[in-house]
Amino acid sequence: MFEKNDRVLLVARIIISFAIFIFAVASLVLGIVLSVVMESGALFLVAFAGWFICLLMWVFSKLLLSYFCDIKLIRNKLYGESNEKLKVFLKSADENSDNSDSQNKQ
């Protein structure tokens, strides 16, 4: 019933991960090129600023995708649908909760 809608979320996850990877590599290459051309410490400024932005993009994309996944889980619960298509998101959430549960028991 909602296969097309769920597929968009999975494709968006792949595209966002790929874009963040490309941006991280591009910031490193740009930093190296700038440091060679300008003969200055631009490598550190561009590369590390780019990586910091990539980290922020990764965190906020995970937050946004988990928000959309939660909405889809609620929708599936209301309509009695299976959450089989969203296992990619559920698997990572289950691993994180298992780690936190084991740490709380100690």
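**Exercise 1. Confidence in the model**

Task: Find the mean pLDDT of the protein, and say which helix has the lowest mean value and which the highest.

Solution: The structure is a predicted model, and its mean pLDDT is 81, with 84% of the residues reaching 70 or more. Going on to the separate elements, helix 3, which covers residues 87-105, has the lowest mean pLDDT, at 61, while helix 2 has the highest, at 88. Where pLDDT is low, the predicted coordinates should not be read in detail.

**Exercise 2. The overall plan**

Task: Describe the secondary structure of the protein, and then state what share of the residues is buried.

Solution: Begin by counting the elements, which come to 3 helices and 0 strands, so that reading along the sequence gives the pattern α-α-α. Next, turn to burial: of the 106 residues in the protein, 20% are buried. The surface that the protein exposes is about 8100 Å², and carbon and sulfur atoms supply 69% of it. Finally, consider the contacts with a sequence separation of 6 or more, of which 60% are between residues 24 or more positions apart.

**Exercise 3. The largest nonpolar core**

Task: List the residues of the largest nonpolar core, and say which helix gives the most to this core.

Solution: The core has 6 residues, namely Leu9, Leu65, Cys69, Leu73, Leu86 and Phe89. Helix 2, which spans residues 42-79, gives the most to this core, with 3 residues. In soluble globular proteins, nonpolar side chains tend to be buried together.

**Exercise 4. Cys69 and the question of disulfides**

Task: Decide whether Cys69 is buried or exposed, name its contacts beyond its close sequence neighbours, and give the number of disulfides.

Solution: First, place the residue: Cys69 is found in helix 2. Its relative accessible area is 4%, and because the limit for a buried residue is under 20%, Cys69 counts as buried. Second, look for its partners: when neighbours within four places in sequence are left aside, Cys69 is in contact with Leu9, Leu86 and Phe89. Of these, Phe89 is 20 residues away from Cys69 in sequence, yet the two C-alpha atoms are 7.1 Å apart in space. Third, consider Cys54, which is also buried, with a relative accessible area of 6%. A disulfide is a covalent bond between the sulfur atoms of two cysteines. The count of disulfides in this model comes to 0.

**Exercise 5. A buried polar residue, Asn76**

Task: Work out whether Asn76 is buried or exposed, and which side chain makes a polar contact with the side chain of Asn76.

Solution: Asn76 lies in helix 2, and its relative accessibility is 2%, which means that Asn76 counts as buried. Its side chain makes a polar contact with the side chain of Arg75, at 2.8 Å. Leaving aside neighbours within four places in sequence, the residues in contact with Asn76 are Phe2, Glu81, Ser82, Asn83 and Leu86.

**Exercise 6. Gly50 and Ser61 in helix 2**

Task: For Gly50 and then for Ser61, give the relative accessible area and name the contacts that remain when neighbours within four places in sequence are left aside.

Solution: Start with Gly50, whose place is in helix 2 and whose relative accessibility of 5% makes it a buried residue. With the neighbours within four places set aside, Gly50 is in contact with Phe23 and Ser27. The C-alpha atoms of Gly50 and Ser27 are 5.3 Å apart, although 23 residues separate the pair in sequence. Now take Ser61, which lies in helix 2 and is buried, with a relative accessible area of 12%. Under the four-place exclusion, Ser61 is in contact with Ile16 and Ile20.

**Exercise 7. A pair far apart in sequence**

Task: State how accessible Glu3 is, and compare its separation from Lys85 in sequence with the distance in space.

Solution: Glu3 lies in helix 1, which runs over residues 3-38. Because its relative accessible area of 41% falls between the limits of 20% and 50%, Glu3 is classed as partly exposed. Along the sequence, Glu3 and Lys85 are 82 residues apart, while their C-alpha atoms are 7.8 Å apart in space.

Key: Residues are numbered from 1 along each chain as its sequence is written. This is a predicted model: local features need pLDDT of at least 70, side-chain atom pairs count only at pLDDT 80 or more; totals for chains, interfaces and linings use all residues. Side-chain values use heavy atoms; hydrogens and water are left out. A nonpolar core is a set of buried Ala, Val, Leu, Ile, Met, Phe, Trp, Tyr and Cys residues joined through side-chain atoms within 4.5 Å. Buried means under 20% relative accessible area, exposed over 50%, partly exposed in between (1.4 Å probe, protein chains only). Helices (H or I, at least four residues) and strands (E, at least two) are DSSP runs, numbered from the N terminus. Contact means heavy atoms within 4.5 Å. A disulfide is a pair of cysteine sulfur atoms within 2.5 Å. Accessible areas come from the Shrake-Rupley method with a 1.4 Å probe; for residues, only the protein chains shown count as cover. A polar contact is a pair of N or O atoms within 3.5 Å; within protein, one must be able to donate a hydrogen and the other to accept it, and residues adjacent in sequence count only if both atoms are side-chain atoms. pLDDT is the predictor's confidence in each residue, from 0 to 100.
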